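Trainee: Before we start, I would like to ask why certain labels are used for this chain. Please set each value against its cut-off.

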Amino acid sequence: MARRDSPNRSKLGRSEPERSSSRRQRDPQEPSFLRRWLRRMLIWGTALTLLGAMALAVAVFVTERSLPSYERMKSTQTGQTIVVRASDGSEIVTLGPSYGRWVPYERIPQTLKDAMISVEDRRFRDHWGVDPIGIVRSVVVRIQSGHWRQGGSTITQQLARNIFLNNSRTFDRKIREALLAMAIEQKFTKDQVLELYLNKVYFGGGAYGVDSAARKFFGHSGEQLSLAEAAIIAGLVKAPSHYSPTADAAAAVGRAKVVVQTMQEAGKITPAEAAAVDLKAVKLAEEQGQNSARYFTDWVLPQLDLLLPDNDQPIEVWTTLDPAAQHAATDSIQANVPKGAQGALVSLDRDGAVLAMVGGTDYVTSNYNRAVNAVRQPGSAWKLFVYLAALEAGYTPDAKVKDEPVTIDGWSPRNSGGTYAGEIDVRSAFAYSKNTVAAQLGNEVGFGAVANMARRFGITTPINTLPSMVLGSSDVRVIDMVRAFAAVQAKGTAVTPYGIRKITSTEGEVLYSHRPDPAQQLVPNFVAAGITDLLQSAVSIGTGRAAQIGRPVAGKTGTTSSNKDGWFLGFSSGITTGVWMGRDDAHPVPGLQGGTAPARAFAAYMKIATAKRPPEKFDTDLKMPQWQLEPDDEVMQANPDGYFYADPDGNIIEPGAQPKPPAADGVLPGGEQGVPVPEGPPAAGDDFLSRATGKQADPAPRPRPKPVATPKPN
């Protein structure tokens, strides 16, 4: 009987069971197939690893060859450091990164080395720049906690990042950081790496390196750190701004405890030594720079953009500030300013050097510099310009004037006491600050002439020419008023305030040196002598008696309506000082007058500022020019356009030059902007007045005062 084909047989003549049987017969060969596959993977993996190792070695070698020398790496700095020094060379403040002195490895305290290695890189002595174990540990902690709690960077990697890279967290930066770290380890020893790191790592507060950090936080060298101090410094590296002892002492102590515990776990200190550390007993250095001297540095430092516009190297700025004078100025303001008020003081040497500057009672609570930025009404201190214009026009200190009620264009000034003295001389009218006399003199010589005189002497703010301007209704800055009084002290010669004597590199190379301005005569000598006579009388017998200091002093008080502002400005022994007091909101200050608190503050400061200088007798001898001794002779000895004056920006304008127009709010009556170029001594003529005020001459010109030249009383 013939065999019938099974329906399961394929066209090839074998059924499914037969093929399954065939596959089962090849099973013993499968292990050899896997072994061949694994062998190939191993070979390729080994080859790729060797190629990668060779490529890494080549990359490390090339990177190592490109690294700078050890000495070059020591000198590499990040950012510009500006050290500001006082006139005696002492440091006022350091801005930008501070690096301190380089501390060699053998002189770095062992406690700091141990603390830093324990907390930042416990396997520092065992790895070759990159620590695989540390990286794995960091990844494990990341998986367990859900976020990064431990960094895998070694000390060498941190060094590479600080010197060559930035703090970005990109994968590319991490690769370059690791490559640089391995190259550094190949080129330098472990001790050299640690020395570089401890002298360059950032500890916060602008301090780079152990010496800078030790001086900033503890006030001494980085070679003298105790265990507690070393723990605090080592703890800063993780987060300098957060753990800074000057910013958050509690956070700094808490972090230092972690460092001490880590040192104990690493075997660097014993449990007894760890228990003996008293972190709260560490004495922090007093914070430097947060005092009134910062008002001065805030004024000086922006000038560097003009003096050294393209410099980005570390520099030292040698200023004019006198530390003893600055301390005395701060004390005098704080001791005399009324409660709830503010105060400002500027003091200039005879050449314009700023000896002291106080912009407020406390820089920490208010860094607004009232000495150079605030504009306030000067009150009767403005009479300096009124009487300068009158003296230039022909008056003398002994000339007779009348203290009586007066009305000018509907304005009727009153004296402070409400009384009138009748006929008195100019000297007495100035000494007792008679408002009616100042108004008459201003009207006599022309309000434009007074404004012109103020411009000449350095007032840079807008000036109005309304009749009330003679009593100080135009806002001024303290430094401008002091500049004007300093020019009087200099016998009518312009004085420009300055605060920088020289700028040097850290190696001592002079990059800038101050040069004095050419002598610029603002008024004739006899006018300067006459106003000095008046200013001296104001202190001797008048409203400024509280400013007496036991040597010749010339000065003037100023008080505004409702006691909102109090001023005293004066000079003695070549030092000119101005004091202002008042409230920032311009509210009245009960009892505030220029002759009280401001004058007392002036005296307290000047007693110290002039202590090492001999007393100087003022030159008040009026050497009158021929045209004034003989009134009928109108011949002028001086060039009518021969005087300098200051434009609205404080720049001195030479004779005959066109002035720079002031801001829009400085428009004078008549629609003309700015103050015209001065016309010289005889300032009372109608043609001069019309040019000064922008008005046409009056149909009936005012009579020119007839000067009276009588002998000055003894």
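Mentor: What covers the buried residues of helix H12 includes helix H4 (110-120), helix H10 (227-236), helix H11 (240-243) and helix H13 (271-276). Keep in mind that this is a predicted model.

Trainee: Which residues of H12 are the buried ones?

Mentor: They are Ala251, Ala252, Val253, Arg255, Ala256, Val259, Val260, Thr262 and Met263. Ala256 is also included in a second, separate core of 56 residues, together with Ala183, Phe218 and Ile233 among others.

Trainee: What span is expected for H12, and what does the helix reach?

Mentor: H12 covers residues 249-265, 17 in number, and at 1.5 Å a residue the expected span is 24 Å. The helix reaches 25 Å from its first C-alpha to its last, which is close to that expectation.

Trainee: What makes aspartate 248 a cap of H12?

Mentor: A side-chain oxygen of aspartate 248 lies 3.3 Å from the backbone nitrogen of alanine 250, at the N-terminal end of the helix. A polar contact requires N or O atoms within 3.5 Å, so a distance of 3.3 Å qualifies. Just after H12, glycine 267 takes a positive phi of about 80°.

Trainee: How many aromatic pairs are there?

Mentor: The count comes to seven. One of them is formed by phenylalanine 571 and phenylalanine 618.

Trainee: Why is the pair of phenylalanine 571 and phenylalanine 618 called edge-to-face?

Mentor: The ring centres are 5.5 Å apart and the planes stand at 85°. A pair needs centres within 6.5 Å, and edge-to-face needs planes over 60 degrees apart, so both conditions are met. The pair links distant parts of the chain, 47 residues apart: phenylalanine 571 is in strand E13 (residues 565-572), and phenylalanine 618 is in the loop between helix H23 (597-609) and helix H24 (626-629).

Trainee: Are these two rings' residues buried or exposed?

Mentor: Phenylalanine 571 has a relative accessible area of 1% and is therefore buried. Phenylalanine 618, at 13%, is buried as well, because the limit is under 20%.

Trainee: How do you know that a charge sits over the ring of phenylalanine 430?

Mentor: The charged end of lysine 556 is 5.7 Å from the centre of that ring. The distance limit is 6 Å, so this value passes. Arginine 85 lies over the face of tryptophan 318, at 5.6 Å from the ring centre.

Trainee: Why is threonine 297 called buried?

Mentor: Its relative accessibility is 0%, and the limit is under 20%, so threonine 297 counts as buried. Threonine 297 is in helix H14 (residues 293-300). Leaving out residues up to four places away in sequence, threonine 297 touches Val84, Ile92, Val93 and Pro302.

Trainee: What lies 3.0 Å from a polar atom of the side chain of threonine 297?

Mentor: The backbone oxygen of arginine 294 does.

Trainee: Which residues touch the most other members of the largest nonpolar core?

Mentor: Trp382, Phe385, Tyr387 and Phe457 do, in a core of 85 residues. Phenylalanine 385 touches, among others, Val450, Met453, Phe457 and Met481.

Trainee: What makes aspartate 398 buried?

Mentor: The value is 8%, and the limit is under 20%, so aspartate 398 counts as buried. Aspartate 398 is in the loop between helix H17 (383-393) and strand E8 (400-403). A polar contact of 2.7 Å joins the side chains of aspartate 398 and arginine 427.

Trainee: Which residue other than glycine has a positive phi near 50°?

Mentor: Serine 573 does, and aspartate 409 also has a positive phi, of about 50°. Most residues other than glycine have a negative phi.

Trainee: Are aspartate 409 and serine 573 buried or exposed?

Mentor: Aspartate 409, in the loop between E8 and strand E9 (422-425), is at 71% relative accessibility. Exposed means over 50%, so aspartate 409 is exposed. Serine 573, in the loop between E13 and strand E14 (575-582), is at 1% and therefore counts as buried.

Key. Residues are numbered from 1 along each chain as its sequence is written. This is a predicted model: local features need pLDDT of at least 70, side-chain atom pairs count only at pLDDT 80 or more; totals for chains, interfaces and linings use all residues. Side-chain values use heavy atoms; hydrogens and water are left out. Helices (H or I, at least four residues) and strands (E, at least two) are DSSP runs, numbered from the N terminus. The expected span of a helix is 1.5 Å times one less than its number of residues. Buried means under 20% relative accessible area, exposed over 50%, partly exposed in between (1.4 Å probe, protein chains only). Contact means heavy atoms within 4.5 Å. A polar contact is a pair of N or O atoms within 3.5 Å; within protein, one must be able to donate a hydrogen and the other to accept it, and residues adjacent in sequence count only if both atoms are side-chain atoms. Rings of Phe, Tyr and Trp (its six-membered ring) pair if their centres lie within 6.5 Å; planes under 30 degrees apart count as stacked, over 60 as edge-to-face and the rest as tilted. A charge sits over a ring if NZ of Lys or CZ of Arg is within 6 Å of the ring centre and within 35 degrees of the ring normal. A nonpolar core is a set of buried Ala, Val, Leu, Ile, Met, Phe, Trp, Tyr and Cys residues joined through side-chain atoms within 4.5 Å.
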